[in-house]
Amino acid sequence: MEPQLLHSVADSVATVVVHHPAKRNAMTAAMWGSLPPLLDALAADPAVRALVLTGEGATFCAGADISTLRGSPEEAQRLAVAAEEALAAFPKPTLAAIRGHCVGGGSQLAAACDLRFAEEGSLFGVTPAKLGIVYPSSSTRRLVSLVGPATAKYLLFSGELIEAERALRTGLIDELLPEGELGKRVAEFARVLVSRSQLTQAAAKEFANGRTDRDAHWTEQARGSGDTAEGVAAFLERRPPRFTWIVPTPE
């Protein structure tokens, strides 16, 4: 099978799989380029309420396919940044499920997700210093927001890999699971995500990402959504809520 991004939708969760096992799921230029339109399609699907990004087999993503950098490194980086920004802008909750190596471009993808769960034994690294590449400013800022300036500099200056336990301590990942437990935990947490109010999630995602000009918009959305009344009624009646607000389809 050619290197590609595979996807499926089940139980309101879209799963995107980085599939290039011959090179530890390294991202080719075509794979970077295919991610934004794929995300657009999944964002527009009302059946999708959350997205899980993972890698084929025992590796998340070992970075960019280095052979693609020989022609035009600038174009390769442009494609990677566009894919990263599209993932960060996905309007529904996103979760990276990480096994094995999460390095270079793989770290870019993981950092662009809202949450990151990893299996014990995973390794993380941001490696442009090994190739003489200037890491994009947007990617650097996103990394700093996750781990702080000191750890970001450690990763960027050295290109060294860190173990999952350190990644957890520094905030690079949110949960660390024993070997064999990652899939179960991700499925369990995805069920939690799809049961919650999309209104709350969409507003919280914008606010957490630093947007400051949409308070009135979200107040109006909440007023007309019915989600608050439904949530309160469900709590008092001791039943699961049936939230109805959905993320609008981009025009």
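A residue is called buried when its relative accessible area is under 20%, exposed when over 50%, and partly exposed in between. The exercises below apply this definition and others to a predicted model.

**Exercise 1. Classify Lys23 and Asp65 by accessibility, and describe how their side chains meet.**

Solution.
1. Lys23 has a relative accessible area of 41%, so Lys23 is partly exposed.
2. Asp65 has a relative accessible area of 7%, which is under the 20% limit, so Asp65 is buried.
3. Side chains of opposite charge can pair when their charged atoms come close.
4. The side chains of Lys23 and Asp65 form a salt bridge, with 3.3 Å from N to O. This distance satisfies the criterion, because a salt bridge requires the nitrogen to be within 4 Å of the carboxyl oxygen.
5. The pair joins distant parts of the chain, 42 residues apart. Lys23 belongs to the loop between β2 (13–19) and α1 (29–44), and Asp65 to the loop between β3 (50–55) and α2 (73–88).

**Exercise 2. Determine how Glu75 and Arg78 are placed in helix α2, and state what links them.**

Solution.
1. Glu75 and Arg78 are three residues apart in helix α2, and therefore about one helical turn separates them.
2. A salt bridge connects Glu75 with Arg78, their closest N and O atoms lying 2.7 Å apart.
3. Glu75 is partly exposed, because its relative accessible area is 35%. Arg78, at 46%, is also partly exposed.

**Exercise 3. Find how many salt bridges the whole structure contains, and describe further examples.**

Solution.
1. A search of the whole structure gives 14 salt bridges.
2. One of them joins the side chains of Glu237 and Arg239, at 2.6 Å from N to O. Arg239 is partly exposed, because its relative accessible area is 21%.
3. Salt bridges can also form a network, as they do among Glu84, Glu85 and Arg142.

**Exercise 4. Identify the residues of the negative surface patch and of the nonpolar surface patch.**

Solution.
1. The patch of negative charge on the surface gathers Glu120, Glu163, Glu165 and Glu179.
2. Glu163 lies in strand β8 (residues 162–163). Its relative accessibility is 53%, so Glu163 counts as exposed.
3. The nonpolar patch consists of Ile66, Leu131 and Ile133 and covers about 250 Å² of surface.
4. Leu131 is located in the loop between β7 (123–125) and α4 (137–147). With 46% relative accessibility, Leu131 counts as partly exposed.

**Exercise 5. Locate Arg99, classify its accessibility, and give the separation of its C-alpha atom from that of Ala118.**

Solution.
1. Arg99 occupies the loop between β4 (94–98) and β5 (101–103).
2. Its relative accessibility is 24%, so Arg99 counts as partly exposed.
3. Arg99 and Ala118 are 19 residues apart along the chain, and 6.0 Å separates their C-alpha atoms.

**Exercise 6. Describe the overall fold and judge whether the protein is as compact as a globular protein of its length.**

Solution.
1. The protein has ten helices and nine strands.
2. Its radius of gyration is 19 Å, and the globule rule gives 18 Å for 251 residues. These values are close, so the protein is as compact as a globular protein of that length.
3. The C-alpha trace spans about 60 × 40 × 40 Å along its principal axes.
4. Of the 251 residues, 45% are buried.

Technical notes:
Residues numbered from 1 in each chain as written. Predicted model: local features only at pLDDT ≥ 70, side-chain atom pairs only at ≥ 80, totals over all residues. Heavy atoms only, no water. Patch = residues over 30% accessible without salt bridge, like charges linked within 9 Å, V, L, I, M, F, W, Y side chains within 5 Å. Areas by Shrake-Rupley, 256 points an atom, 1.4 Å probe, with all protein chains shown as cover. Lys, Arg positive; Asp, Glu negative; His and termini not counted. Charge placed at Lys NZ, Arg CZ, Asp CG, Glu CD. Helix = DSSP H or I, 4+ residues; strand = E, 2+ residues; numbered from the N terminus. Buried < 20%, exposed > 50% of the residue type's maximum accessible area, 1.4 Å probe, protein only. Rg over C-alpha atoms; globule rule 2.2 N^0.38 Å.
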